Amino acid sequence: MTAEPEVAPRGYDHAAVHYRSDTDLLAVAVPFLEGGLRAGEPTMVSLEPERAELVRRALPASADVRYLTTDELYVRPAGAIRSYRTLLAELVAAGATGIRIFGEIPRRVIDTSWDWWARYEAAVNHAYDEFPLRSMCAYDTRTTPRHVLDDVARTHPFVATPGGRRDNTGYVDPPAFLAGPRPVAPLPIQHTTPLVVLIDPQPGTARRAVLDLGKTDLPAAEVDDLVLAVSEIVDNALRHGRPPVELRLWADADHLVVTVHDTGDGPGDPFAGLLPAARRIGGRGLWIAHQICSQVALYRDETGFTARLTAGHPRLGPAD
């Protein structure tokens with residue numbers, strides 16, 4: 001176990017924090033944040049309001065800490081990466097040689113869409129590595145599901161505790177984590193018969209299939225966003241996947257779910273969707289989908305590659 005260094009390293013230092021009480025949380029957060037203040041580093045907190053206030057009260061009233069709003073940051077992983085990269089670039093341009101953030105992914109997104117946030121936790125090790133950033137990601141072990149903690153153990157190079165900081169021997173290199181087979185539990189609606197099944201549809205046919213479905217009460221703009229994402233993903237699958245391409249569609253009043261499956265291996269870029277695509281195979285459509293869909297899940301198995309796109313906000317089933 002090593003003590004927290006005072007000087008920020010070059011590159012991204014990404015640590016996980018496991019806590020079981022407010023006392024546990026503060027025992028790690030306060031020294032970490034105070035170290036940043038002593039070093040003159042921009043120091044930020046990105047916690048849900050109750051815990052942000054807990055940290056605020058534990059720090060000196062004069063502490064120059066910036067509190068970020070989780071409701072705005074953690075809507076979609078690709079958007080969070082884009083927002084953080086913009087913020088970090090601005091701080092470095094203003095002269096920052098070290099930056100600290102103590103944060104957590106909100107429980108509501110862990111409960112409803114953890115799969116793409118697990119991909120986020122892996123991808124940021126690459127996406128933020130050009131910045132002199134040290135961050136700690138807090139997870140409450142009383143309420144965080146076991147499968148989430150397992151992913152946390154594989155996506156954080158370091159673990160921070162009140163006693164210090166240590167290397168995480170379970171850490172998996174981001175490309176390996178992102179490219180590996182990853183089981184994704186079906187949404188409850190997927191246990192019902194799909195309303196539409198299309199084989200090798202052209203993008204126009206796929207768009208019409210979504211638009212013609214009249215079972216949802218979702219806002220028209222949200223349906224339009226899904227239509228665009230489905231068109232892009234179907235086009236990707238036809239161009240770069242392996243036939244047959246199968247589209248399945250489910251809907252009820254609250255949400256629309258579309259899966260696009262082909263028998264290929266999926267995009268070659270493990271960061272596809274989470275980082276901007278530079279004409280990489282499969283990257284542009286996934287990047288668009290990650291910007292506008294309520295949820296995106298990507299998974300590979302012995303049958304090929306599947307992208308699941310969702311409009312609306314369904315809750316996951318009990319197994320998740």
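**Entry 1: the hairpin and its neighbour**

I count two strands as paired if DSSP finds at least two bridges between them. The model I am looking through is a predicted one, and I began with strands β9 and β10. Strand β9 covers residues 246–251 and strand β10 covers residues 256–262, and I found the two paired in the antiparallel sense over 6 bridges. They form a hairpin, with 4 residues between them. To fix the register I noted that L249 stands opposite V258 in β10.

I then asked which strand is joined to β9 by 4 bridges. This is β8, residues 196–199, and it runs antiparallel to β9. Here L198 is the residue that stands opposite L247 in β9.

**Entry 2: two backbone oddities**

Before looking at the backbone I reminded myself that most residues other than glycine have a negative phi, and that most peptide bonds are trans. The bond from P243 to P244 is cis in this model, with omega near 0°, and P244 sits in the loop that links α9 (220–240) to β9. D200 has a positive phi, near 50°, although D200 is not a glycine. I located D200 in the loop between β8 and α8 (203–211). Is D200 buried, partly exposed or exposed? Its relative accessibility is 36%, and since buried means under 20% and exposed over 50%, D200 counts as partly exposed.

**Entry 3: the seven-stranded sheet**

Next I traced the open sheet, in which 7 strands follow the order β3-β2-β4-β5-β1-β6-β7 with mixed pairing. Which strands stand at its edges? They are β3 (65–67) and β7 (164–167), and because each has a single partner strand, one side of each is left without a neighbour in the sheet. Direction ignored, neighbouring strands of this sheet are turned by 25° against each other on average.

Within the sheet I followed β4 (residues 99–103) and its pairings. With β5 (residues 133–140), β4 pairs in the parallel sense over 5 bridges; F102 stands opposite M136 in β5, and G103 stands opposite C137. With β2, β4 also pairs in the parallel sense, here over 4 bridges, and the bridge partner of T43 in β4 is R100.

I then checked how far β4 is covered. Of its 5 residues, 5 are buried, so β4 is largely enclosed by the rest of the structure. The burial holds on both faces, with I99, I101 and G103 on one side and R100 and F102 on the other.

**Entry 4: V17 in β1**

I picked V17, which lies in strand β1, and looked up its surroundings. V17 counts as buried because its relative accessibility is 1%, against a cut-off of under 20%. Setting aside neighbours within four places in sequence, I found V17 in contact with V28, F102, M136, C137, A138, Y139 and A160. For F102 I also noted the spacing: V17 and F102 are 85 residues apart in sequence, yet their C-alpha atoms are 9.6 Å apart in space.

**Entry 5: helix α1**

Helix α1 lies across β1 (13–19), β2 (43–46), β3, β4, β5 and β6 (158–161), and it runs at about 165° to β4. I also looked up how α1 (residues 22–38) packs on α2 (residues 49–58): the angle is about 60° and the axes are 10 Å apart. That angle is why α1 counts as oblique to α2. The crossing of α1 past α2 is right-handed. From α1 the contact uses D22, L25, L26, A29, V30 and L33, and from α2 it uses R51, L54, V55 and A58. Sorted by class, this contact has 8 nonpolar residues, 2 charged residues and no polar ones.

**Entry 6: helices α5 and α6**

Last I looked up α5 (residues 107–127) with α6 (residues 146–155), whose axes are 9 Å apart and meet at an angle of about 5°. How does α5 run relative to α6? The angle makes the two roughly parallel. I listed the residues in contact as I110, W114, A118, E121, A122 and N125 from α5, and H147, V148, D151, V152 and T155 from α6. By class, the contact of α5 with α6 has 6 nonpolar, 3 polar and 2 charged residues.

Definitions and conventions
Residues are numbered from 1 along each chain as its sequence is written. This is a predicted model: local features need pLDDT of at least 70, side-chain atom pairs count only at pLDDT 80 or more; totals for chains, interfaces and linings use all residues. Side-chain values use heavy atoms; hydrogens and water are left out. Axes are lines fitted to C-alpha atoms, for helices over the stretch in contact, and angles run from 0 to 180 degrees between N-to-C directions. Angles under 35 degrees count as roughly parallel, over 145 as roughly antiparallel, 65 to 115 as roughly perpendicular and the rest as oblique. A crossing is left-handed if the near helix is turned anticlockwise from the far one by less than a right angle, and right-handed if clockwise. Contact means heavy atoms within 4.5 Å. Ala, Val, Leu, Ile, Met, Phe, Trp, Tyr, Cys and Pro count as nonpolar, Asp, Glu, Lys and Arg as charged, and the others, Gly among them, as polar. Buried means under 20% relative accessible area, exposed over 50%, partly exposed in between (1.4 Å probe, protein chains only).
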